[in-house]
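Biologist: Please take a close look at one part of this model, the sheet and the strand at its heart of interest to me. Go through the pairing and the surroundings in one connected account.

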Amino acid sequence: MSSGDTADRSLEHWSEAGRTGMEAFYALATEDYRQLALAADWPGLLADRAHDSWSLLDVACGSGKFPTALRRYTDLSALPELAYDLLDPSAFSVAEARAALGPPFSARHDLVMTLQDLPTDHTGYDVVWAIHALYALPPSELDAAAERFVAALVPGGLGLVAQATASSHYLAFYDAFRAGMREATPYTTAEQVRDSLVRAGADVREQRITYTTGTSDRAVAEGFLQRCAFDDSVSLEEMEAAPVLGDYLASCREKSGAYTFSHEAALLWI
């Protein structure tokens, strides 16, 4: 696939037809969610807000990798059942995330829409999070999305956006891809999301984590990078030969030929 702008290509890849690319991406990207699961005392944070009828909104829920990581790497067994609403413009993603949930997360509403289109009566959530979720959000709609995020959260609730920073692999790669292979709308950075949340009236605390992912398998690297660009029409060889992008990829390649990608994620706590 080689047509369409960033948001359109992203949505097209979150589909049954894009499952192979999604699975190729997660060969490396599952580490993103493990890092986030280990970055905070999730049992304690959630217990502080737990009550009999509490609820959570998962913004741009993807395929449910974050709640899966929380259940794998933390102990949530003491928490009461949490009503879990799934929001994503892709019905495929909502179905994938719903299927991935397990206690204490109990799937409730399927909201097949964007955050900025969330109806104003969807408020009062005890927890709202958007986990590596807002990259393809059009810049012109970011402030509206941030306002809906903040408004959906009950006063004193727990809000979190986890997003890669401008210097992290996902952003640096896509900037190089745009410069060397195709014009496209840039990804949204953690810094832009933070500033938009502040404009929406949120009190934001920022935490950053750094880590690396990598592989010596060229097929794995190709699948991962294609998904990073939401473009499976370009081969790894074409990316390596492209202006700007080739230089970026060379900076990620070891003498052995293995790839190592450097990540920095900002956790924006509200």
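Modeller: The model is predicted. A right-handed β-α-β unit is a suitable place to begin: strand 1, helix 4 (residues 65-73) and strand 2 make it up. Within this unit, strand 1 covers residues 55-59 and strand 2 covers residues 82-87, and the two pair in the parallel sense over five bridges. Two of the facing positions can be named: Asp58 stands opposite Leu86 in strand 2, and Val59 stands opposite Leu87 in strand 2.

Strand 1 also pairs with strand 4 (residues 125-131). These two strands run parallel as well, joined by three bridges. Asp58 appears again here, standing opposite Trp129 in strand 4. Asp58 thus has a facing residue in strand 2 and another in strand 4. Strands of a sheet pair through backbone hydrogen bonds, in either the parallel or the antiparallel sense.

Next, the side chains of strand 1. In a regular strand the side chains alternate between the two faces of the sheet. Ser55, Leu57 and Val59 point one way from strand 1, while Leu56 and Asp58 point the other way. Residues on both sides are buried. With buried taken as under 20% relative accessible area, five of the five residues of strand 1 qualify, so strand 1 is largely enclosed by the rest of the structure.

The wider sheet is open and has seven strands, in the order 3-2-1-4-5-7-6. Strand 1 sits between strand 2 and strand 4 in that order, and the pairing across the sheet is mixed. At the edges are strand 3 (105-111) and strand 6 (205-215), each of which pairs on one side only. From one strand to the next, the twist averages 20°.

Apart from the sheet, one helix pair can be described. Helix 7 (residues 169-180) packs against helix 9 (residues 218-229) at an angle of about 80°, with the axes 9 Å apart. Angles of 65 to 115 degrees count as roughly perpendicular, and helix 7 and helix 9 are therefore roughly perpendicular to each other. On the helix 7 side, the contact involves His169, Tyr170, Phe173, Tyr174 and Phe177; on the helix 9 side, Phe224, Leu225, Cys228 and Ala229. By class, the contact of helix 7 with helix 9 has eight nonpolar residues, one polar residue and no charged residues.

Note on methods
Residues numbered from 1 in each chain as written. Predicted model: local features only at pLDDT ≥ 70, side-chain atom pairs only at ≥ 80, totals over all residues. Heavy atoms only, no water. Axes fitted to C-alpha atoms, helices over the stretch in contact; angles between N-to-C directions. Helix = DSSP H or I, 4+ residues; strand = E, 2+ residues; numbered from the N terminus. Parallel < 35°, antiparallel > 145°, perpendicular 65-115°, else oblique. Contact = heavy atoms within 4.5 Å. Nonpolar A, V, L, I, M, F, W, Y, C, P; charged D, E, K, R; others polar. Pairing = 2+ DSSP bridges. Buried < 20%, exposed > 50% of the residue type's maximum accessible area, 1.4 Å probe, protein only. Right-handed = clockwise from strand over helix to strand, strands pointing away.
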